[in-house]
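Good morning, and thank you for making time for this item on the agenda. I would like to take you through one protein structure, beginning with the whole and then moving to its parts.

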Amino acid sequence: MTAETAPLLELRDVGKDYGSVIALDGISTTVRAGEVTCVLGDNGAGKSTLIKILAGVHRADRGQLLLDGRPADFGSPREALDAGIATVYQDLAMIPLMAIWRNFFLGAEPTRGRGPFRRFDAARAKDVTRRELAAMGIDIRDPDQPVGTLSGGERQSVAIARAVHFGARVLILDEPTSALGVKQAGVVLRYVAQARDRGVGVVLITHNPHHAHPVGDRFLVLNRGRSLGSFPKADVSRDELTRLMAGGAELDQLAHELERPAT
Ligand SMILES: Nc1ncnc2c1ncn2[C@@H]1O[C@H](COP(=O)(O)OP(=O)(O)O)[C@@H](O)[C@H]1O
Ligand SMILES: [Mg+2]
């Protein structure tokens with residue numbers, strides 16, 4: 001061991017099968033506090049399977065998951081959450097017609113008073129929502145407005161701020177930018193950087209190297225369940241990531257095929 005602190009999360013040679021389908025095999029990478037680990041890969045590469053293992057939805061069939069350097073075994077999403085691993089899924093689990101502040105506190109409403117006098121403290125919830133969003137640089141005009149009136153990027157941002165507020169040490173984001181336009185994606189990536197700067201270890205799933213490279217510190221590239229490598233940023237350029245993802249030679253072949261025949 002070096003003097004370096006243990007990563008928040010580490011995967012060692014992890015594998016997972018669905019029946020006869022090998023969804024993941026031999027996957028190793030690390031997630032460190034205050035860093036962004038990007039998981040890249042095309043459809044079917046195994047990205048969702050990987051986050052489900054980190055989030056306690058599935059157990060790995062092979063290999064080891066370490067939390068703070070110690071073997072971890074999450075039997076349920078609740079156990080992963082209790083260990084500080086928060087996951088923001090694509091559908092976000094928000095209720096569009098409900099106010100922003102209600103969504104922010106969904107399932108964890110602050111209360112006031114004791115026993116039979118215990119009441120939900122709405123004023124405090126609104127205040128905390130406004131302050132937490134402001135701390136992330138998110139300017140919400142009115143916490144009473146329904147979440148459904150926010151743009152996709154803003155909604156992702158509220159979900160990120162919520163996870164950070166409730167003490168996430170690891171924040172897993174499943175393709176947060178895939179349905180967004182260029183500008184909105186930029187907004188979400190800024191909040192990813194904010195969470196990182198607050199010391200959270202972020203796992204960012206994407207199939208877009210242009211989104212991953214600027215914000216990422218480490219890049220795990222998956223191809224049909226296998227790892228093409230887990231690279232620190234210094235070792236891989238954006239163009240190399242793009243080529244790796246497309247399967248280098250295949251992309252060159254395609255470019256060749258698409259060229260106009262010489263006249
Ligand atoms: N519940 C499941 N049952 C059987 N096969 C699955 C299941 N979930 C995923 N797979 C298969 O595992 C592989 C990886 O899938 P997935 O992790 O969803 O990839 P990605 O998120 O990168 O698109 C694919 O071949 C997929 O068809
Ligand atoms: Mg997926």
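I shall speak about the overall fold, then the ligand, then several helices and individual residues.

Please keep in mind throughout that this is a predicted model. The protein contains nine helices and twelve strands. Along its principal axes, the C-alpha trace extends about 75 × 50 × 40 Å. For 263 residues, a compact globule would have a radius of gyration near 18 Å, and the 20 Å of this protein agrees with that. Of those 263 residues, 40% count as buried. As for the contacts, if we take those between residues at least 6 apart in sequence, 68% join residues at least 24 apart.

Let me turn to the ligand. Which residues surround ligand 1? They are Tyr-18, Val-21, Ala-23, Gly-41, Asn-43, Gly-44, Ala-45, Gly-46, Lys-47, Ser-48 and Thr-49. Two elements, β2 (21–31) and α1 (47–54), each give two or more residues to this shell. Helix α1 provides the largest share, three residues. By character, the shell divides into four nonpolar residues, six polar and one charged.

Since α1 contributes to that shell, it deserves a closer look. Is α1 largely enclosed or open? Eight of its eight residues are buried, so α1 is largely enclosed by the rest of the structure. The buried residues are Lys-47, Ser-48, Thr-49, Leu-50, Ile-51, Lys-52, Ile-53 and Leu-54. Lys-47, Ser-48 and Thr-49 are thus buried and also belong to the shell around ligand 1. After α1 comes Gly-56, which has a positive phi near 80°.

The next helix is α6, residues 182–197. At 1.5 Å a residue, its 16 residues should span 22 Å, and the end C-alpha atoms are 23 Å apart, which agrees. The buried residues in α6 are Ala-185, Val-188, Leu-189, Tyr-191, Val-192, Ala-195 and Arg-196. These residues cover an arc of only 155° around the axis, which puts them on the same side of α6. On the other side of the helix, Lys-183 and Asp-197 are exposed. What covers the buried residues of α6? The cover includes β3 (36–41), α5 (152–165), β9 (170–174), β10 (201–206) and α7 (209–215). Just after α6, Gly-199 adopts a positive phi of about 95°.

Helix α8, residues 238–246, has buried residues as well: Leu-241, Leu-244 and Met-245. Viewed down the axis of α8, they fall within an arc of 95°, so they line one face of the helix. Gly-247 follows α8, and its phi is positive, near 75°.

I have now mentioned positive phi values at glycines, and there are also residues other than glycine to consider. Glu-175 has a positive phi, near 50°. It is located in the loop between β9 and α6. Is Glu-175 buried or exposed? With 20 other C-beta atoms within 10 Å, Glu-175 is buried; the cut-off for that class is 20 or more. Arg-224 is not a glycine either, and its phi is positive at about 45°. Arg-224 sits in the loop between β11 (218–223) and β12 (226–232). It is partly exposed, because 15 other C-beta atoms lie within 10 Å.

Finally, two alanines illustrate how positions in the sequence relate to positions in space. Ala-6 belongs to the segment before β1 (9–18). Its C-alpha atom is separated by 5.3 Å from that of Gly-69, although the two residues are 63 residues apart along the chain. Setting aside neighbours within four places in sequence, Ala-6 is in contact with Asp-68 and Gly-69. With 14 other C-beta atoms within 10 Å, Ala-6 is partly exposed.

The second alanine is Ala-134, in helix α4 (residues 122–135). It is exposed, with 12 other C-beta atoms within 10 Å. Between the C-alpha atoms of Ala-134 and Val-14 there is a separation of 39 Å, and these residues are 120 residues apart along the chain.

To close, I would return to two points. Helix α1 gives the largest share of the shell around ligand 1, and it is largely enclosed by the rest of the structure, as eight of its eight residues are buried. In α6, the buried residues lie on the same side of the helix, with Lys-183 and Asp-197 exposed on the other. Thank you for your attention.

Key: Residues numbered from 1 in each chain as written. Chains lettered and ligands numbered in written order. Predicted model: local features only at pLDDT ≥ 70, side-chain atom pairs only at ≥ 80, totals over all residues. Near = placed C-beta within 6 Å. Helix = DSSP H or I, 4+ residues; strand = E, 2+ residues; numbered from the N terminus. Nonpolar A, V, L, I, M, F, W, Y, C, P; charged D, E, K, R; others polar. Rg over C-alpha atoms; globule rule 2.2 N^0.38 Å. Contact = placed C-beta atoms within 7 Å. Expected span 1.5 Å × (residues − 1). Arc of directions from axis to C-beta.
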